[in-house]
Amino acid sequence: MTIQDVLRELADAHGVATRYTASDGAEITVTGDTLLKTLRALGVVLSDTPEPDELHAVLAAHRQAEATRPLPPSVVAVTGDTPTFNVHVHHGAPAEVRIICEDGTVREVSQEENWTPPVTVDDQDWGEATFRIPADLPLGWHTIELVSGAARHECALIITPARLSTTDVYINEPATGVMAQMYSVRSKDSWGIGDFHDMGLLAETLAKEAGADFLLVNPMHAAEPFPPAEDSPYLPTTRRFINPIYLRIEDIPEMAQLDEETRARVVELGREFAELNTLGEIIERNPIYQAKLDVLHEMHSRGRTPERETEFRAYIEREGQGLIDFATWCAQREVELIHTPRAHAVVPPMSEMINFYMWLQFLCDEQLAAAQARATAAGMKIGIMADLAVGVHPGGADSRNLEPWLAPDVSVGAPPDGYNQQGQDWSQPPWHPVRLAEDGYRPWRNLLTTVLRHSGGIRVDHILGLFRLFVMPRMQHPSTGTYLRFDHEALVGILALEAERAGAVVVGEDLGTFESWVQDVLAEKGVMGTSILWFEGSPTVEGPRLQDEYRELALSSVTTHDLPPTAGFLAGEHITLRDRLGLFTTDAAEEDANDLAWQAEVLNRIRETGCFGGTELAETDFEGLERDERGDLDVLLEGIHRFIAGTPSALSCISLVDMVGDMRAQNQPGTTRDQYPNWCIPLCDSEGNPVLIEELADVALFSRIAEASRRR
């Protein structure tokens with residue numbers, strides 16, 4: 001066996017892929033350097049240039065550790081199933097096993113035959129015994145206890161649903177929603193950026209004027225605790241807690257604690273920032289965030305009523321140590337970076353600063369709850385659908401507070417593909433698969449519980465990351481990356497468990513490179529996939545997917561936040577932008593020609609389905625036409641959305657930017673702020689004029705696309 005063979009065997013034992021299939025079908029063999037660095041990132045002790053004897057010894061030590069582990073890291077099972085698990089005790093010693101259920105009741109466990117011979121490690125013989133889980137355990141978080149002589153061990157036992165019960169409601173009665181980047185959607189009273197009040201108002205407007213059953217928003221995760229703050233909602237400091245920049249100052253009850261003069265100044269400040277709502281320039285978060293924080297500090301310094309204090313303390317008790325850890329990180333950052341200017345001249349004690357940042361989360365929780373209540377009161381069946389980012393900023397709160405369960409020396413990203421031919425480095429540290437399991441997946445559970453508390457659904461960005469993540473040694477090029485495997489039965493099962501308890505639907509963004517069985521696993525769990533018009537090829541005929549071939553268990557839409565609005569996409573803005581930014585490794589003219597040809601095929605497929613009926617486009621063959629020769633843009637947009645609404649997908653989704661004719665992309669993957677103003681584009685019409693929430697119902701295109709998108 002060569003040194004490379006041993007290295008690959010060691011990598012495989014730790015879930016590190018030694019080869020993978022690229023998006024173009026090519027087989028990629030991972031280099032030894034990448035394997036070594038990834039293994040070290042997982043805590044495997046290896047020298048820079050290990051000899052064969054060292055690799056053999058490390059592999060043997062890993063196998064010995066597995067053979068002497070008293071209990072598995074954790075056990076995740078599906079309700080009704082009776083899987084087995086192995087325990088290890090000193091050979092000949094007793095192995096008494098029981099299950100302590102979530103409600104405190106105790107269940108006995110039956111032992112199965114196991115004739116595995118003992119293993120000797122350091123002159124100690126270890127035996128193995130097998131036990132079977134009862135079929136009638138309830139859903140929830142239980143504990144397996146092993147007692148052997150004087151030794152006692154335990155691990156988590158998590159019973160997950162076989163299938164989400166929330167899913168079939170929309171299989172039988174399909175629903176339509178709208179996706180929006182909340183920072184970009186403003187009302188007349190916004191402070192230049194969308195907020196939680198706007199979220200409720202937008203949901204109410206969409207329910208009443210467009211018949212929408214949900215509002216899919218960008219991740220609400222917290223960024224830096226004070227300016228300068230990261231623009232991207234997909235690179236947060238934490239995924240569990242919320243960004244206070246979305247607070248509507250005037251809706252905070254503590255506003256009443258301010259004296260009349262201070263309240264008047266706050267109202268005037270709000271008016272000044274509201275003037276930004278009529279401008280189409282990029283959104284500058286930092287001045288807005290700073291102004292809100294100054295007011296919030298002033299409010300906090302005035303105290304709370306006894307009733308509010310009681311509610312605040314109940315919130316702290318509910319969120320527990322995770323909230324305290326996050327608030328502590330925020331306060332420490334403030335001390336470290338000496339944040340100025342401030343509304344108060346003296347930096348308060350650390351305890352008061354921690355209290356302030358916990359209070360901000362309390363306010364966010366309240367206002368998010370109010371938005372969801374307003375959405376459902378307006379008739380939405382689902383209401384707010386949260387978006388869960390893939391990971392967190394490497395210098396953020398979660399990266400420090402959750403470091404024991406992360407692998408910070410590798411970075412999550414994407415291999416070279418059609419989105420970005422250079423590949424992508426998202427800079428985010430992935431979960432450490434084993435350490436997460438050893439803690440019973442507690443950080444994953446806590447995250448989901450908080451995010452789902454005020455959401456009727458959740459979209460999981462890059463849900464393929466619950467199966468495997470593409471990682472690269474930190475600060476290296478994406479071409480040097482490989483895949484890190486996870487226990488998807490555990491991660492997906494826990495997602496289903498927490499969604500079931502919250503009564504929420506789950507949508508997984510399952511675009512990208514993956515094995516076909518992944519979608520089967522998600523479908524079995526009742527987790528909907530994602531289908532984007534422009535990415536769907538037919539499984540039965542050449543060309544785009546037929547309307548009736550779209551997945552039933554999916555959220556289908558025309559576009560995504562990583563593409564320009566449909567008007568811009570039809571105009572080729574995605575080609576022009578990537579060419580200008582130097583993101584192509586191929587000829588831009590060839591890319592444009594290929595894209596134009598594919599668009600023609602998609603539009604012809606839509607025409608064949610009759611979605612342009614009653615217009616001149618019903619007889620138009622789009623093949624060979626230039627972009628400006630394809631007829632009325634609004635008619636095109638109507639027909640495209642009518643096609644998506646006619647698919648069998650349980651959920652369909654309209655992008656708000658399409659409903660107003662917006663042209664500019666919200667995000668160009670793989671770029672930074674100095675290349676393109678990602679996540680800073682306000683909602684505008686085709687002429688670049690801002691569109692406020694109060695004006696939506698008066699936009700002719702809004703009504704036309706809303707009508708075309710109704711499920712029939």
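This report walks through two sheets, a helix, a pocket and a few notable residues of a predicted model.

## The eight-stranded sheet

Let us start with an open sheet built from eight strands, in the order β20-β17-β14-β13-β12-β23-β22-β21, with parallel pairing. Its edges are formed by β20 (505–508) and β21 (529–532), each of which pairs on one side only. On average, neighbouring strands of this sheet are turned by 25° against each other, direction ignored. Helix α13 (residues 442–452) packs on the sheet, where it touches β14 (383–388) and β17 (457–460). The direction of α13 makes about 150° with that of β14.

## A closer look at β22

Strand β22 (residues 554–557) is a nice place to zoom in. Towards the edge strand, β22 runs parallel to β21, and four bridges join the two. On the other side, three bridges link β22 in the parallel sense to β23 (residues 651–655). Backbone hydrogen bonds are what hold such pairs together, in either the parallel or the antiparallel sense.

Individual positions can be followed across these strands. Leu555 of β22 has Thr530 opposite, and Leu555 also stands opposite Leu651 in β23. Ser556, in turn, stands opposite Ser652 in β23. Side chains in a regular strand alternate between the two faces of the sheet. In β22, Ala554 and Ser556 point one way, whereas Leu555 and Ser557 point the other way. All four of these residues are buried.

## The five-stranded sheet

A second open sheet to look at has five strands, ordered β3-β11-β10-β5-β6, and its pairing is mixed. The edge positions belong to β3 (74–78) and β6 (106–108); each has a single partner strand, so one side of each is left without a neighbour in the sheet. From one strand to the next, the twist averages 30°.

At the β3 edge, five bridges join β3 to β11 (residues 151–160), and the two strands run parallel. One position to find on screen is Val78, whose bridge partner in β11 is Thr160.

## Helix α7 and its surroundings

Helix α7 spans residues 285–301, a run of 17 residues. From first C-alpha to last it reaches 24 Å, close to the 24 Å expected at 1.5 Å a residue. Just after α7, Gly303 takes a positive phi of about 80°.

How much of α7 is enclosed by the rest of the structure? Twelve of its 17 residues are buried, so the helix is largely enclosed. Among the buried residues are Arg285, Ile288, Tyr289, Lys292, Leu296 and Met299. The cover over the buried residues of α7 includes α6 (260–274), α9 (321–337) and α10 (350–377).

## The second largest pocket

The second largest pocket has a volume of about 800 Å³. It is lined by 29 residues, of which His62, Glu66, Arg69, Pro73 and Val434 are the closest to its centre. Three elements give two or more residues to this lining: α3 (52–68), β4 (84–90) and α12 (433–438). Which element gives the most to the lining? That is α12, with five residues.

## Unusual backbone and a buried loop residue

Most residues other than glycine have a negative phi, and most peptide bonds are trans. Some positions here are worth a look with that in mind. Asp123, in the loop between β8 (119–121) and β9 (124–132), has a positive phi near 70°. Asp123 is exposed, with a relative accessible area of 78%. Met475, in the loop between β18 (468–473) and β19 (482–485), has a positive phi of about 75°. Met475 also counts as exposed, at 74% relative accessibility. The peptide bond from Pro227 to Pro228 is cis, with omega near -5°, and Pro228 lies in the loop between β13 (214–217) and α6.

Finally, Val699 sits in the loop between α20 (656–659) and α21 (700–708). Is Val699 buried or exposed? Its relative accessible area is 19%, which falls under the 20% cut-off, so Val699 counts as buried. Leaving aside residues up to four places away in sequence, Val699 touches Met659, Val660 and Val691. Asp674, by contrast, is 25 residues from Val699 in sequence and 33 Å from it in space, C-alpha to C-alpha.

Notes. Residues are numbered from 1 along each chain as its sequence is written. Side-chain values use heavy atoms; hydrogens and water are left out. Two strands pair if DSSP finds at least two bridges between them. Axes are lines fitted to C-alpha atoms, for helices over the stretch in contact, and angles run from 0 to 180 degrees between N-to-C directions. Contact means heavy atoms within 4.5 Å. The expected span of a helix is 1.5 Å times one less than its number of residues. Buried means under 20% relative accessible area, exposed over 50%, partly exposed in between (1.4 Å probe, protein chains only). On a 1 Å grid over the protein atoms alone, a cavity is a set of points where a 1.4 Å probe fits but cannot get out, and a pocket is an open set with protein on both sides within 12 Å along at least five of seven lines; lining residues have an atom within 4 Å of a point. Grid points are joined across faces, edges and corners, and a volume is the space filled by probe spheres set on the points.
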